[in-house]
Amino acid sequence: MTATSVSADAPSRPSEEGLGHRLEHPDRELERTQPFWRRFPVWFPFAVFAVSRLFVWVSATYLSRYQIALPIGTPNIRIFYPSPADPGYLSVMSGWDGQWYRVIAEHGYPAVLPRTGWGGIDMNPWAFFPVFPMTAGLVMKLTGLQFALVAPLLSTAIGFAAMHVLFKLVDQVVGRWEAIVAVVATCFYMASPAFSASYTESTALLGVVTVLWLLRARRYWWVVLALLVLSLSRNVVIAMVPVIIAHGVVRWRQHDEGDNPRRLRVVLAALAAYAAALTWLWPAFVSIATDTPNAYNDTMLAWNIQTKIKLYLWWNLLYDYWGVLGQVAGVLGVAAFAWFMLSRHSWRWGPEIWGWAGAYPAYIVLVTSTTPSRVRYALLAFPMALIIAWFLQLRWWRRYRYWILGLIVVTGAAQMWWWTEHYLVVENLTDDLYP
């Protein structure tokens with residue numbers, strides 16, 4: 001049998017020659033010649049996010065019929081803007097923290113911190129960072145529209161921009177398949193309805209991926225501005241310090257420091273120090289604006305959130321849920337993640353995405369509390385989707401990878417429905433509002 005006959009008789013490989021292969025290996029030169037709106041990196045993330053937002057609208061509209069009336073003075077929950085039973089989509093998407101953002105958008109921040117009956121600082125708007133609510137307030141003044149309409153639409157619009165930059169970043173740095181998985185998994189993550197709510201998730205994600213993209217492009221002056229905006233959007237800017245360090249180390253190891261290596265090292269060291277210092281920008285501003293030392297930390301204590309290392313809370317949470325087996329599984333999970341991060345599989349992500357992939361989960365475990373918001377915080381951990389992309393490229397699953405990705409969408413949609421029902425819609429006022 002000749003080599004020619006063997007080739008002719010060999011079974012075809014549709015997974016390599018079909019649509020999936022063409023999607024993952026585009027002609028990028030041809031793609032750049034197409035009109036902007038016809039380019040896959042443009043229309044695909046927009047389309048996926050639009051489909052996921054349509055699902056959020058359908059699910060929240062349907063589930064809103066089960067929300068109870070929430071008058072001022074309702075026990076177990078702070079209500080500033082009362083709503084009737086079955087209030088509709090916009091009211092559901094503007095509840096919970098959205099009420100605080102509405103206070104900021106309509107009235108700004110208070111000059112005097114409110115006090116409780118026993119003299120401690122009460123819950124107040126200073127706990128919430130200003131970029132999203134102040135932008136919403138500006139749009140309200142320009143258009144005359146109400147917060148309940150402006151804020152969800154603004155959050156959704158920012159989400160479209162975030163998905164575009166996310167796809168662009170991963171596509172250019174890692175690859176087309178990984179970009180597809182990152183956008184799909186993020187859009188259909190359990191807590192992704194927050195991208196359409198009066199929350200800061202869309203703003204924070206756009207800030208994170210913009211910083212990573214600018215750092216990758218070595219546009220350091222723009223990184224300075226992007227870090228400033230991020231620091232006033234969400235208290236996560238400290239996690240960018242390891243990212244900047246990783247960026248500098250890789251440039252040094254690859255002998256890619258330009259004509260003046262010493263100057264570059266000084267610039268990157270200053271940029272890392274600047275990112276660290278920005279962590280205290282908002283707390284310092286709160287203290288100055290209210291003439292109250294430690295005002296931000298005392299405000300957070302009103303929510304029983306302490307500004308200290310909280311690893312023990314996660315350790316206790318694992319035990320409360322699953323006992324010693326849960327703690328063992330947690331240790332094994334961290335070890336497996338550390339192995340992956342130190343393997344060649346993650347190095348191809350580039351130092352910026354790689355740095356964020358390690359720094360942000362560590363930030364969550366060390367800094368954030370084990371409140372129900374932990375599920376929402378994970379929305380910024382988009383590099384976890386790259387692990388899924390790697391797993392689906394293994395030879396056991398590769399030919400079925402798009403079917404499995406479709407299953408992830410269906411499973412994610414079901415979880416989004418559940419999360420909307422239990423974390424956005426208020427169906428009862430039991431002592432524990434969350435399951």
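This short talk walks through a pocket, a helix, the nonpolar cores and a few single residues of one structure. Please keep in mind that the model is predicted.

Let me begin with the second largest pocket, which holds about 1500 Å³ of space. The pocket is lined by 38 residues, and those closest to its centre are W314, P361, V365, A378 and M384. If we ask which helix gives the most to this lining, the reply is helix 17, with 14 residues. Helix 17 spans 311–341, and it is one of several helices that each supply at least two lining residues, including helix 19 (350–367), helix 21 (384–392) and helix 22 (401–424). Sorted by class, the lining has 30 nonpolar residues, seven polar residues and one charged residue.

Helix 21 deserves a slower look, and its buried residues are A385, L386, A389 and L392. Seen down the axis of helix 21, these buried residues fall within an arc of 120°, so they line one face of the helix. As background, an α-helix has 3.6 residues a turn, so residues three or four places apart point the same way. What covers the buried residues of helix 21? The cover includes helix 9 (147–173), helix 10, helix 19 and helix 22.

From helix 22 I would like to pick out W403. Is W403 buried or exposed? W403 counts as exposed, because its relative accessibility is 71% and the cut-off for that word is over 50%.

Now to the nonpolar cores. In soluble globular proteins, nonpolar side chains tend to be buried together. Here, the largest nonpolar core has 96 residues, and the members that touch the most others are V170, L227, M240, I353, W356, Y360 and F382. Taking M240 as our example, and leaving aside its neighbours within four places in sequence, we find it in contact with V208, V211, L212, L227, L230 and W356. There is also a second, separate core of 24 residues, which includes W100, A127, V150 and I158.

Finally, a word on backbone angles. Most residues other than glycine have a negative phi. R218, which is not a glycine, nevertheless has a positive phi of about 65°, and it sits in the loop between helix 11 (201–216) and helix 12 (220–231). D291 is likewise not a glycine and has a positive phi, of about 55°, and D291 is found in the loop between helix 15 (281–290) and helix 16 (295–301). As for accessibility, R218 is partly exposed, with a relative accessible area of 37%, whereas D291, at 70%, counts as exposed.

Note on methods. Residues numbered from 1 in each chain as written. Predicted model: local features only at pLDDT ≥ 70, side-chain atom pairs only at ≥ 80, totals over all residues. Heavy atoms only, no water. 1 Å grid on protein atoms, 1.4 Å probe; cavity = no way out; pocket = protein on both sides within 12 Å on 5 of 7 lines; lining within 4 Å. Points joined across faces, edges and corners; volume = space filled by probe spheres on them. Helix = DSSP H or I, 4+ residues; strand = E, 2+ residues; numbered from the N terminus. Nonpolar A, V, L, I, M, F, W, Y, C, P; charged D, E, K, R; others polar. Buried < 20%, exposed > 50% of the residue type's maximum accessible area, 1.4 Å probe, protein only. Arc of directions from axis to C-beta. Contact = heavy atoms within 4.5 Å. Core = buried A, V, L, I, M, F, W, Y, C linked by side-chain atoms within 4.5 Å.
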